[in-house]
Amino acid sequence: MASDDAVRSGNGSIHHVKNGKTNGFHRHKNGHNTNGKNGDSKKKPDWQDDFWESFEETPIIAAIYTYFCFGLLVVFGHIRDFLRNIGIEKVKSCTEPKLPGFVPLYQSWESFYTRNIYRRIRDCWNRPVTSGAGAELDVVERVSNDNGWNFTNTGKTHRVMNLGSYNYLGFSQNYGPCADAAEESTKKFGMSFCSSPQHLGYSKLHKELDELVAEFVGVEAAFTLPMGFATNSMNMPCLVSKGSLILSDSLNHASLVLGSRLTGATIRTFKHNNMTDLEDKLRTAVIEGQPRTHRPWKKILIVVEGVYSMEGSIIRLPDVIRLKKKYKAYIYLDEAHSIGALGPNGKGVVDYFGLDPRDIDVMMGTFTKSFGAAGGYIGGSKKLVQHLRVNSHAALYSVSMSPCVTQQVISSMRIVMGLDNTLEGKRKIQQLKWNTRYFRHRLHKLGFIVYGNKDSPVVPLLMFMPTKVAAFARMTLDRGLGVVVVGFPATPISECRARFCVSAAHTKEQLDKALAIIDELGELLGLKYSTMAVPSHDETDIQLIE
């Protein structure tokens with residue numbers, strides 16, 4: 001092991017540690033090199049004592065092999081395209097009509113990448129399932145006789161452990177009290193209200209859900225929508241417009257990126273979870289104002305997520321709130337992956353840090369992860385919610401949530417809140433926390449590079465090379481483990497990975513079996529790149545939860 005190891009902290013900076021004693025974990029220090037500002041020795045906030053994130057640097061040899069691998073695929077892709085152009089190889093993809101005077105229908109590089117690289121390993125994605133996405137699920141077996149151009153179902157299925165679905169609290173199964181309540185609501189209300197919330201699509205079920213969500217997240221009011229993606233993309237244009245500034249985390253979800261673009265506001269990104277960079281951009285925005293005119297911005301909106309679904313990191317929300325108050329900005333918080341999954345009461349990242357929900361101007365979340373349903377919500381002041389009800393395209397032009405989905409959210413949320421007069425919700429929250437820390441600790445101990453926060457149920461395991469990603473996805477399925485693998489362009493080209501999603505529905509025995517499979521393939525495929533020692537706090541955290 002090298003005496004000096006480079007470790008990237010959650011704020012993007014590089015830190016050097018001696019003899020690997022920190023195992024890639026870094027105690028964040030308010031985005032500054034010292035606690036407080038300019039060497040001021042103020043005491044760190046209490047939340048930083050228990051805030052740990054791991055971002056180990058990509059090994060040089062892995063980066064070299066990864067670029068070489070992609071380069072080789074590109075070279076062979078050009079050779080194959082040449083053979084297709086001269087008629088030696090049959091063209092099986094959609095081709096450009098090349099009509100005079102018409103612009104191209106396809107972007108050349110995207111088409112090339114899909115045709116020559118993604119197509120080779122397409123069997124690793126878009127796998128059909130034939131069961132509920134619980135702790136286990138049935139995956140349809142497919143075969144391709146033309147090298148990934150087309151697939152045929154064999155009629156067989158594989159029963160596998162499910163480490164790929166966002167089933168954080170284990171509510172996605174098709175049996176139990178939530179499923180029974182959803183079935184009854186379908187018998188009573190039918191399949192759909194066939195109207196938007198602004199017309200005849202707002203029922204007492206939706207009113208009950210809106211009030212329950214507001215109570216759960218601790219805000220004055222909330223309103224719900226049938227699609228999580230549209231909750232961001234269709235509501236953000238109602239909040240800011242031209243003359244306003246959006247400061248967006250560089251790793252924000254596509255729905256936030258689209259929503260920001262639709263606003264017409266000026267967009268500037270800051271480095272992921274980097275409070276120093278955020279403050280620099282806030283300070284510059286306040287001092288300089290708008291371009292050319294230098295008039296003050298109408299609004300400055302900071303857009304962040306609770307848990308980042310590709311990195312497994314948690315937003316440093318106390319610092320964001322501090323900067324928001326200092327520079328008189330607003331916060332838009334997307335809790336899609338944190339609501340239900342974080343905090344002692346499952347109320348998300350605000351609950352996780354013990355903060356006041358009133359400090360968040362716009363609280364957004366979805367029901368697709370922790371509640372086993374569909375749709376999203378926005379919570380905040382009554383004035384904000386009423387404004388969105390009247391002006392949001394999602395409220396005006398989309399059909400309201402179906403009765404069975406609405407009832408599924410109500411039933412599962414009541415269990416989490418303990419309103420069913422049981423401790424099942426609390427048990428699920430604690431089980432998810434234990435499973436998350438146990439699974440992450442074991443992966444670190446096995447020698448894998450794992451990204452993210454110790455309490456994030458999203459667990460990225462770095463593999464780097466696309467060939468290893470494809471081999472891992474296929475071999476885990478053969479061994480009875482269903483996983484999600486992610487590569488370029490969804491990630492940086494040198495950071496291809498598997499992304500595990502831990503659930504409260506998983507038992508320790510299932511996690512141990514999954515870890516044994518991952519360990520076996522880690523040895524076989526050479527995936528154990530970590531050079532850091534296992535952090536001592538991991539074992540303590542697991543024992544405390546037990």
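Two strands count as paired if DSSP finds at least two bridges between them. I kept that rule beside me while I went through this predicted model.

**Entry 1: the seven-stranded sheet**

I began with β6 and β12. Strand β12 covers residues 376-380. It pairs with β6 in the antiparallel sense, over five bridges. Five bridges satisfy the rule of at least two, so the two strands count as a pair. I then looked up one bridge by residue. Leu225 has Gly376 in β12 as its bridge partner.

Next I traced the whole sheet. It is open and has seven strands, in the order β6-β12-β11-β10-β9-β7-β8. The pairing is mixed. Which strands sit at the edges? They are β6 (221-225) and β8, and each pairs on one side only. From one strand to the next, the twist averages 20°.

I also checked what packs on this sheet. Helix α7, residues 275-288, touches β7, β8 and β9 (300-305). The direction of α7 makes about 150° with that of β8.

**Entry 2: the β7 and β8 end**

Here I found a parallel pair. Strand β7 (residues 245-249) and strand β8 (residues 266-270) are joined by five bridges. In one of them, Leu247 is partnered by Arg268 in β8. What handedness does the unit of β7, α6 and β8 have? This β-α-β unit is right-handed, and its helix α6 spans residues 254-263.

A reminder to myself on reading side chains: in a regular strand they alternate between the two faces of the sheet.

**Entry 3: the three-stranded sheet**

I moved on to another open sheet. Its three strands run in the order β4-β5-β15, with mixed pairing. The edge strands are β4 (136-143) and β15 (481-482), each paired on one side only. Strand β5 takes up residues 152-162 and pairs with β15 in the parallel sense. How many bridges hold β5 and β15? I found two. That just meets the cut-off of at least two, so β5 and β15 count as paired. Asn162 stands opposite Gly482 in β15.

Helix α15, residues 508-525, lies across β4, β5 and β15. I noted that α15 runs at about 115° to β5.

**Entry 4: the largest pocket**

Rolling a probe the size of a water molecule over the atoms shows where empty space is left. The largest pocket holds about 760 Å³ of space. I found 33 residues lining this pocket, and the closest to its centre are Cys124, Trp125, Asn126, Val484 and Val485. Which elements each supply at least two lining residues? I listed α2 (108-116), β4, α14 (466-478), β16 (484-486) and β17 (496-501). I sorted the lining by type: 23 nonpolar, seven polar and three charged.

**Entry 5: two backbone oddities**

Most residues other than glycine have a negative phi, and most peptide bonds are trans. I looked up two exceptions.

Asn126 has a positive phi of about 55°, although it is not a glycine. Asn126 is in the loop between α2 and β4.

The peptide bond joining Phe488 and Pro489 is cis, with omega about 10°. Where is Pro489? I found Pro489 in the loop between β16 and β17.

Notes:
Residues numbered from 1 in each chain as written. Predicted model: local features only at pLDDT ≥ 70, side-chain atom pairs only at ≥ 80, totals over all residues. Heavy atoms only, no water. Helix = DSSP H or I, 4+ residues; strand = E, 2+ residues; numbered from the N terminus. Contact = heavy atoms within 4.5 Å. Axes fitted to C-alpha atoms, helices over the stretch in contact; angles between N-to-C directions. Right-handed = clockwise from strand over helix to strand, strands pointing away. 1 Å grid on protein atoms, 1.4 Å probe; cavity = no way out; pocket = protein on both sides within 12 Å on 5 of 7 lines; lining within 4 Å. Points joined across faces, edges and corners; volume = space filled by probe spheres on them. Nonpolar A, V, L, I, M, F, W, Y, C, P; charged D, E, K, R; others polar.
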